[in-house]
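Colleague: I would like to take a close look at one part of this model, and as I am new to such descriptions, please explain each term when it comes up.

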Amino acid sequence: MSLPVIVTRALPGAAETAARLKSAGHKPILSPALTLEPLGAELDLAGVTDLVFTSANGVRYFPAVSKTVSQVWCVGEATADAARKAGWPVVREGNGNAMDLAAHIIASPGARTGVFLHIANQAAAGDLVARLTAAGVNARFTALYRTVPVAAVSDAAASALTREARVVILVHSAKGAAAFRNAARGLDFRRSVVVAISEAASGPLVGCGARTVVNAAHPSETALMEALDAAILTL
């Protein structure tokens with residue numbers, strides 16, 4: 001069964017997800033709930049041996065591959081794919097969870113001798129670096145961009161929610177889910193199915209009136225697509 005799928009992920013990642021959906025026979029509808037804005041932050045790589053990316057957007061906003069960095073640590077497959085495409089030669093891939101990635105770093109042989117720099121959006125400061133430093137890892141944080149909620153969903157998304165017999169809302173983050181719910185205020189969710197990359201990501205849409213909420217088995221783009229297929233089979 002092919003259904004319209006509203007992609008709430010921010011651009012440019014939303015376009016990548018839409019292409020994947022289209023190739024699988026679905027009808028993607030772009031409606032990014034967040035926009036990304038560069039912060040123009042000063043990037044200090046002095047002494048940095050390892051970079052940590054918890055979003056593919058962090059990779060995209062990083063200015064260029066640095067030969068002084070020995071390896072990059074990525075939260076999951078999408079971020080790792082972006083890092084490889086950017087030209088980073090040594091990429092360590094996590095399972096999609098930032099705290100699990102922190103544990104992976106802490107357990108690595110060079111954790112106590114390296115200097116780790118976490119690159120992410122403005123709202124991500126804190127938890128991961130705190131976890132690393134508490135374990136004796138030299139780590140710091142730099143925000144290169146911020147996320148800004150949109151005021152309203154796209155016209156195509158509003159039309160799908162209003163007119164389609166069934167529509168899927170695809171969710172990549174809790175912040176995006178909250179922004180989408182706010183942007184879609186006044187619209188009817190009763191014909192929609194929420195498919196999210198994790199339980200945490202779907203949280204803000206619980207109780208929105210959707211027919212059901214389906215979470216991916218683990219936080220990755222592949223698992224999200226598998227959850228989408230499973231959700232469609234139940235309709």
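Modeller: Helices and strands are runs assigned by DSSP (H or I over at least four residues for a helix, E over at least two for a strand), and they are numbered from the N terminus. The model is a predicted one, so local features need pLDDT of at least 70 and side-chain atom pairs count only at pLDDT 80 or more, while totals for chains, interfaces and linings use all residues. Residues are numbered from 1 along each chain as its sequence is written, and side-chain values use heavy atoms, with hydrogens and water left out.

Let us begin with helix H3, which covers residues 77-86 and contains both Asp81 and Arg84, three residues apart, or about one turn of the helix. Asp81 is partly exposed at 36% relative accessible area, and Arg84, at 40%, is partly exposed as well (buried means under 20%, exposed over 50%, and partly exposed in between, with a 1.4 Å probe and protein chains only). Salt bridges with shared partners bring Asp81, Arg84 and Glu93 together in one network. Between Asp81 and Arg84 the closest N and O atoms are 3.4 Å apart, which fits the rule for a salt bridge (a side-chain nitrogen of Lys or Arg within 4 Å of a carboxyl oxygen of Asp or Glu). By this rule the structure has seven salt bridges.

H3 also leads us to a sheet, for the helix lies across E4, strand E5 (71-74) and E6, running at about 170 degrees to E6. Contact here means heavy atoms within 4.5 Å, and the angle, on a scale from 0 to 180 degrees, is taken between N-to-C directions of axes fitted to C-alpha atoms, for helices over the stretch in contact. A second helix, H4 (residues 98-106), lies across E4, E5 and E7, and runs at about 145 degrees to E5.

The sheet itself is open and has six strands, in the order E3-E8-E7-E4-E5-E6, with mixed pairing (two strands pair if DSSP finds at least two bridges between them). E3 and strand E6 (91-93) stand at its edges with a single partner strand each, and therefore one side of each has no neighbour in the sheet. Neighbouring strands are turned against each other by 25 degrees on average, if direction is ignored. One pairing to follow by eye is that of strand E4 (residues 50-53) with strand E7 (residues 115-121), which run parallel and are joined by four bridges; in this pairing, Asp50 has Phe116 in E7 as its bridge partner.

Side chains add further links to the sheet. Arg146 forms a salt bridge with Glu37, with 2.8 Å between the closest N and O atoms. Because Arg146 belongs to strand E8 (residues 138-149) and Glu37 to strand E3 (residues 34-38), this pair ties together parts that are 109 residues apart in sequence. Arg146 is partly exposed at 36% relative accessibility, and Glu37 is likewise partly exposed, at 29%.

Aromatic rings make another kind of link, and the structure holds five aromatic pairs. In one of them Tyr61 and Tyr145 are stacked, with 4.9 Å from centre to centre and 15 degrees between the planes. Tyr61 is in helix H2 and Tyr145 in strand E8, so that this pair, too, connects distant parts of the chain, 84 residues apart. (Rings of Phe, Tyr and Trp, the last by its six-membered ring, pair if their centres lie within 6.5 Å; planes under 30 degrees apart count as stacked, over 60 as edge-to-face and the rest as tilted.) Tyr61 is partly exposed at 26% relative accessibility, whereas Tyr145, at 1%, is buried.

Phe62 and Trp88 make an edge-to-face pair, 5.6 Å from centre to centre with 65 degrees between the planes. Phe62 sits in the loop between H2 and E5, and Trp88 in the loop between H3 and E6, 26 residues apart. Both of these residues are buried, and Phe53, Phe62 and Trp88 together form one aromatic cluster.
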